[in-house]
Amino acid sequence: MKFFIDTANLDQIREAQDLGVLDGVTTNPSLMAKEGITGTENVLKHYKAICDIVDDNVSAEVIATDYEGMIKEGEELAKIDPKIVVKIPMIKDGIKAIKYFSNKGIRTNCTLVFSAGQAIIAAKAGATFLSPFIGRIDDMNWDGIDLIHQISNIYSIQGYDTEILAASVRNSLHIVKCAEAGADVVTCPLSAILGLLKHPLTDIGLAQFLADHRKANS
Ligand code: E4P
């Protein structure tokens, strides 16, 4: 399973990259706004700065919601760097745009996915990645992980190439559950990635080993 970091914060992206386990980055308009990145020129520059840190897979989301607008923006985004993946919302014109980019060999990430039906049509259109938002589904008292299981089953039966990119991941347990459910990629905050390292018995065990070593060598 690939690990993407879900942020537009350059320090956090650098920290995750330094850990040596990072495969990509996802952003969205809310995450860009959170970093205070405004205006087309600054947004494009910021995407380039992200591309310069990581090895590949930088999802950059279009703002337009009409077909022509998404094509224009997506082509501009794709020109920034070969690492860019054009992120397109799950709407009718979005599906047409995904098909267009797929025919042109430009990678896409279909975002705002909440059902298996949406996952099927995005795969048919040739999306490179599909982003089901598991945390937002959990927020509605449904089960986001169940959706990952369902899509994973459908994609394997049908032989679809689209990668399942579990998004809206809120914690480390979500990451473990996504791995069990067959996600190809998980995108999450740095805290959820670092949380995977933690176990109290590791800390207790390490303290004991070091104490025993000190005692034996004093
Ligand atoms: C990433 O591609 C999504 O935009 C992001 O994971 C959404 O996360 P949220 O539901 O925590 O806003």
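**Strand 3, the parallel barrel and its pockets**

In strand 3, Val-58 and Ala-60 point to one side while Ser-59 and Glu-61 point to the other, and all of these residues are buried. The description that follows rests on a predicted model, in which strand 3 spans residues 58–61 and includes Ser-59. With a relative accessibility of 1%, Ser-59 falls under the 20% limit and therefore counts as buried. When neighbours within four places in sequence are set aside, the contacts of Ser-59 are with Val-25, Thr-26, Thr-27, Tyr-47, Val-85, Lys-87 and Asn-109.

The pairing of strand 3 was examined on both of its edges. Strand 2, made up of residues 24–26, runs parallel to strand 3 and is joined to it by 2 bridges, with Thr-26 standing opposite Ser-59; Thr-26 is also one of the residues in contact with Ser-59. Strand 4 likewise runs parallel to strand 3, and 4 bridges join these two strands, with Glu-61 of strand 3 placed opposite Lys-87 of strand 4. Lys-87, in turn, is among the contacts of Ser-59.

These pairings belong to a wider arrangement. In the order 1-2-3-4-5-6-7-8, 8 strands close into a barrel, and the pairing is parallel. On average, and with direction ignored, neighbouring strands of this sheet are turned by 30° against each other. Helix 6, formed by residues 116–125, packs on the sheet and touches both strand 5 and strand 6 (129–132), and the direction of this helix makes about 165° with that of strand 5. Strand 4 covers residues 84–89 and is joined to strand 5 by 4 bridges, the two strands running parallel; within this pair, Pro-89 stands opposite Thr-111 of strand 5. In general, strands of a sheet pair through hydrogen bonds of the backbone, and the pairing may be parallel or antiparallel.

At the level of the whole chain, 11 helices and 8 strands are present. The C-alpha atoms fill a box of roughly 75 × 40 × 30 Å when taken along the principal axes. Of the 218 residues in the chain, 45% are buried, and among contacts with a separation of 6 or more, 56% are accounted for by residues 24 or more positions apart.

Pockets were then considered. The largest pocket has a volume of about 420 Å³, and of the 26 residues that line it, Asp-6, Thr-7, Asn-28, Leu-31 and Pro-189 are the closest to its centre. At least two lining residues of the largest pocket are supplied by each of helix 2 (29–34), strand 5 (108–113) and helix 10 (190–195), with helix 2 giving the most, namely 3 residues. By class, the lining of the largest pocket consists of 8 nonpolar, 12 polar and 6 charged residues.

The second largest pocket has a volume of about 310 Å³ and a lining of 17 residues, of which Thr-40, Val-43, Glu-61, Ile-63 and Glu-73 lie nearest its centre. Glu-61, which stands opposite Lys-87 in the pairing of strands 3 and 4, is thus named again in this lining. Helix 2, helix 3 (40–53) and helix 4 (67–80) each supply at least two residues of the lining of the second largest pocket, and helix 4 gives the most, with 5 residues. The classes represented in the lining of the second largest pocket are 9 nonpolar, 4 polar and 4 charged residues.

Two loop residues other than glycine were found with positive phi values. Asn-57, in the loop between helix 3 and strand 3, has a phi near 60°, and its relative accessible area of 7% is under 20%, so that Asn-57 is buried. Ser-168, in the loop between strand 7 (163–166) and helix 9 (172–181), has a phi near 55°; because its relative accessibility is 10%, Ser-168 also counts as buried.

Ser-156, by contrast, is exposed, since its relative accessible area of 58% is over 50%. Ser-156 is found in helix 8, which comprises residues 144–158, and its C-alpha atom is 23 Å from that of Val-169, the two residues being 13 residues apart in sequence.

Notes
Residues are numbered from 1 along each chain as its sequence is written. This is a predicted model: local features need pLDDT of at least 70, side-chain atom pairs count only at pLDDT 80 or more; totals for chains, interfaces and linings use all residues. Side-chain values use heavy atoms; hydrogens and water are left out. On a 1 Å grid over the protein atoms alone, a cavity is a set of points where a 1.4 Å probe fits but cannot get out, and a pocket is an open set with protein on both sides within 12 Å along at least five of seven lines; lining residues have an atom within 4 Å of a point. Grid points are joined across faces, edges and corners, and a volume is the space filled by probe spheres set on the points. Ala, Val, Leu, Ile, Met, Phe, Trp, Tyr, Cys and Pro count as nonpolar, Asp, Glu, Lys and Arg as charged, and the others, Gly among them, as polar. Two strands pair if DSSP finds at least two bridges between them. Axes are lines fitted to C-alpha atoms, for helices over the stretch in contact, and angles run from 0 to 180 degrees between N-to-C directions. Contact means heavy atoms within 4.5 Å. Buried means under 20% relative accessible area, exposed over 50%, partly exposed in between (1.4 Å probe, protein chains only).
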